[in-house]
Amino acid sequence: MCKACDYTIHGHQSHFGWDNSLAPAERVAPGSTILFHCHDSSAGQLGPKSVLQDVIDLDFGKINPVSGPIYVEGAEPGDALKITLDSFAPSGWGWTANIPGFGLLADQFKDPALIVWEYDAQTMAPAMWGTQARVPLKPFTGTIGNALAEPGHHTVVPPRRVGGNLDIRDMGVGTTLYLPVEVAGALFSVGDTHAAQGDGEVCGTAIESPMDVVLTLDLVKGANLRTPRFVTDGPVTRHLDAKGYEVTTGIGPDLMAGARDAVANMIDHLCATRGLSAVDAYMLCSVCGDLRISEIVDMPNWVVSFYFPRAVFE
């Protein structure tokens with residue numbers, strides 16, 4: 001429980017997609033601190049005892065539920081909602097899946113796969129991947145956003161100018177996020193919590209894990225942001241840096257092709273050096289490896305790098 005919270009948003013107070021006609025789950029004053037009970041991205045379709053068939057049977061109409069929406073008094077189009085992420089209370093379990101048709105290398109990985117994780121929600125010690133690997137954890141919220149000005153229902157899957165399914169790993173404790181407001185009250189919602197993810201979330205899923213989120217909502221009047229921006233309170237990769245990295249690259253005139261090549265090259269490397277299956281290497285890359293644009297000025301070719309933390313195996 002959050003003793004300093006002004007409001008609690010329960011799990012049933014959630015919705016799928018963005019729609020500015022939704023009735024608010026709560027109306028709050030700027031400066032309010034709120035506890036959100038957030039579902040995993042499957043909305044409970046996957047759980048600690050799930051098997052592969054559960055991935056095959058997923059109802060994609062019930063993906064990425066977000067808790068809310070919250071009407072912030074005084075918020076008007078042109079303002080920015082200031083969100084301070086205060087704390088996370090993880091559940092101790094999560095899942096990672098390869099979902100056919102989804103992910104950076106969907107054309108290469110067409111069969112479903114599933115890993116169910118257990119982790120210590122108190123110590124947040126690295127989560128075990130079988131007996132071979134340990135993945136450092138860093139809880140964050142994958143989907144966090146305001147309602148769009150356009151009427152009607154909008155899918156939650158893509159990120160948007162008002163936030164949404166950003167999947168930015170650094171939306172963790174201590175981060176301050178600023179989101180454009182496009183409708184009265186902002187109509188803020190949050191969900192899709194993760195226990196760990198690499199930058200890029202390359203297979204399409206992280207360690208998807210339900211958890212409670214405490215955050216504070218405030219207003220910046222007349223900010224006129226075009227897209228989200230955020231501030232971190234310190235280093236963002238210290239949970240991965242200790243042992244250095246294995247790095248592969250993709251080089252060419254197309255950044256997407258370069259990203260695909262960099263990840264495929266890392267999958268090949270992990271298969272050759274660690275004895276992993278290709279799909280296991282792909283999912284492991286998604287939960288702890290980072291895609292980076294290393295160079296984008298030396299025409300005609302750019303460099304995309306994929307960093308895999310050596311601490312996972314050492």
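Me: Why is Arg-260 called partly exposed?

Reply: The relative accessible area of Arg-260 is 23%. Buried means under 20%, exposed means over 50%, and partly exposed is what lies in between (1.4 Å probe, protein chains only), so Arg-260 belongs in the middle class. Please keep in mind that this is a predicted model: local features need pLDDT of at least 70, side-chain atom pairs count only at pLDDT 80 or more, and totals for chains, interfaces and linings use all residues. Residues are numbered from 1 along each chain as its sequence is written, and side-chain values use heavy atoms, with hydrogens and water left out.

Me: What makes the pair Asp-107 and Arg-260 a salt bridge?

Reply: The term asks for a side-chain nitrogen of Lys or Arg within 4 Å of a carboxyl oxygen of Asp or Glu. For Asp-107 and Arg-260 the N to O distance is 2.9 Å, so the pair qualifies. Asp-107 sits in the loop between β7 (93-98) and β8 (113-118) and Arg-260 in helix α2, so that the bridge links parts of the chain 153 residues apart. Helices (H or I, at least four residues) and strands (E, at least two) are DSSP runs, numbered from the N terminus.

Me: How do you know which class of accessibility fits each partner of the Asp-79 and Lys-221 bridge?

Reply: That bridge has its closest N and O atoms 2.7 Å apart. It joins the loop between β5 (65-72) and β6 (80-90), where Asp-79 lies, to the loop between β16 (211-220) and β17 (229-231), where Lys-221 lies, 142 residues apart. Asp-79 has a relative accessible area of 5%, so Asp-79 is buried. Lys-221 reaches 48%, and therefore counts as partly exposed.

Me: And why is Glu-182 given its class, when its partner Arg-161 is partly exposed?

Reply: Glu-182 has 17% relative accessibility, so Glu-182 is buried, while Arg-161 has 36% and is therefore partly exposed. Their closest N and O atoms are 2.4 Å apart, which makes the pair a salt bridge. Glu-182 is in the loop between β14 (176-180) and β15 (186-194), and Arg-161 in the loop between β12 (159-160) and β13 (163-165), so the bridge ties together parts 21 residues apart in sequence.

Me: What makes Lys-138, Arg-169, Asp-170, Asp-199 and Asp-290 one network?

Reply: They are joined by salt bridges that share partners. One of the bridges in the structure runs from Asp-290 to Arg-169, with the closest N and O atoms 2.7 Å apart. The whole structure holds eleven salt bridges.

Me: How do you know how much area lies between domain 1 and domain 2?

Reply: The domain assignment, automatic or from a database, gives domain 1 (7-232) and domain 2 (245-309). In contact (heavy atoms within 4.5 Å) are 30 residues from domain 1 and 22 from domain 2. Buried area is the accessible area (1.4 Å probe) that two parts lose on being put together, summed over both. Here that comes to about 2,000 Å², with 68% given by carbon and sulfur atoms. Two salt bridges are counted between the domains.

Me: Why is helix α3 described as mostly covered?

Reply: Helix α3 (residues 278-288) has eleven residues, and eight of them are buried. Among them are Tyr-282, Met-283, Leu-284 and Cys-285.

Me: What makes Ala-127 buried?

Reply: Ala-127 has 1% relative accessibility, so it falls in the buried class. This residue is found in strand β9 (residues 127-129). Ala-127 touches several residues that are over four places away in sequence, including Trp-117, Tyr-119 and Val-135.

Me: How do you know that Asn-64 and Ala-186 deserve a second look?

Reply: Most residues other than glycine have a negative phi, and most peptide bonds are trans. Asn-64, however, has a positive phi of about 60°, and Ala-186 has a positive phi near 75°. Asn-64 is in the loop between α1 (52-56) and β5, while Ala-186 is in strand β15. Asn-64, at 7%, is buried, and Ala-186, at 0%, is buried too.

Me: What makes the bond from Gly-68 to Pro-69 cis?

Reply: Its omega is near 0°. Pro-69 lies in strand β5. A cis peptide bond also joins Met-299 and Pro-300, where omega is about 10°, and Pro-300 lies in the loop between β19 (290-295) and β20 (302-309).
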